[in-house]
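Please open the model in your viewer and keep the selection panel at hand. The tour moves from the whole chain to single side chains, with a selection to make at each stop.

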Amino acid sequence: EAEESKNEVEAMKKETTDLKEELAKASKNVEELEASLKREKFRADLATRAQNDLEGAKLHALSERDRAIMSSQRGLGEAGAAAEKALKDSEMAKAACSEMERYVRE
């Protein structure tokens, strides 16, 4: 009977050790998932910021275009410069957005 009790204790010790190992593995998996979620959230935040920047650039470009139209009534020289600036701003915003989208995809 003492031998049987000793075997039961040993079996329980092994089971406890196995459970501790499983818990450690599960904890590591949870940490890895949390890290992955943080990376995905960062990428999503970058994408959102890029989208917001693009929208802002579009609004700015439209405003510059409208200003250029009004200026054209006063003088073609001013209108051309404002339209050129709006176009450059729009191209820069588009390039920045493309760069952010590429980064987010990576």
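What follows is a walk through a predicted model, beginning with the overall view and ending at individual residues.

**The whole chain**

Begin with everything displayed as a cartoon, where the protein shows two helices and zero strands. Turn the view along the principal axes, and the C-alpha atoms fill a box of roughly 110 × 15 × 10 Å. The radius of gyration is 31 Å, whereas a compact globule of 106 residues would have one near 13 Å.

Now switch to a surface, of which the protein exposes about 8,800 Å², with 57% supplied by carbon and sulfur atoms. If you colour by accessibility, buried residues make up 13% of the 106 residues. If you colour by charge instead, there are 20 positive and 25 negative charges to find, and the mean positions of these two sets lie 8 Å apart.

**Along the first helix**

Select residues 2-74, which form helix H1, and then pick out Lys28 and Gly56 for a distance between C-alpha atoms. These two residues are 28 places apart along the chain, and their C-alpha atoms are separated by 42 Å. Gly56 has its place in helix H1, and with a relative accessible area of 36% this glycine is partly exposed.

**Salt bridges on helix H1**

How many salt bridges does the structure hold? The count is eight, and the tour stops at some of them.

Select Glu40 and Arg43 and show their side chains, which meet in a salt bridge with an N to O distance of 3.3 Å. The two residues are three apart in helix H1, and so they are separated by about one helical turn. Both ends of this pair are partly exposed, Arg43 at 26% relative accessibility and Glu40 at 43%.

Next select Lys41 and Asp45, whose side chains form a salt bridge at 3.0 Å, again taken from N to O. Both residues lie in helix H1, here four residues apart, which is about one turn of the helix. Is Lys41 buried or exposed? Lys41 is exposed, with a relative accessible area of 53%, a value that falls in that class because the cut-off for exposed is over 50%. Asp45, by contrast, is partly exposed at 31%.

**A buried glutamate**

Stay on helix H1 and select Glu64, which lies in this helix. At 8% relative accessibility Glu64 counts as buried, because the class takes in residues under 20%. Which residues touch Glu64 once its neighbours within four places in sequence are left aside? Display Ala82 and Ala86 together with Glu64, since these two alanines are in contact with the glutamate.

**The second helix**

Finally, select residues 76-105, which make up helix H2. Within this helix, show Glu84 and Lys88, whose side chains meet in a salt bridge of 3.7 Å from N to O. The two positions are four residues apart, about one turn of helix H2. Lys88 is partly exposed, with a relative accessible area of 47%, and Glu84 is likewise partly exposed, with a value of 47%.

Key
Residues are numbered from 1 along each chain as its sequence is written. This is a predicted model: local features need pLDDT of at least 70, side-chain atom pairs count only at pLDDT 80 or more; totals for chains, interfaces and linings use all residues. Side-chain values use heavy atoms; hydrogens and water are left out. A salt bridge is a side-chain nitrogen of Lys or Arg within 4 Å of a carboxyl oxygen of Asp or Glu. Buried means under 20% relative accessible area, exposed over 50%, partly exposed in between (1.4 Å probe, protein chains only). Contact means heavy atoms within 4.5 Å. The radius of gyration is taken over C-alpha atoms; the globule rule is 2.2 Å times the number of residues to the power 0.38. Accessible areas come from the Shrake-Rupley method with a 1.4 Å probe; for residues, only the protein chains shown count as cover. Lys and Arg count as positive and Asp and Glu as negative; His and the chain ends are not counted. The place of a charge is taken as NZ of Lys, CZ of Arg, CG of Asp or CD of Glu.
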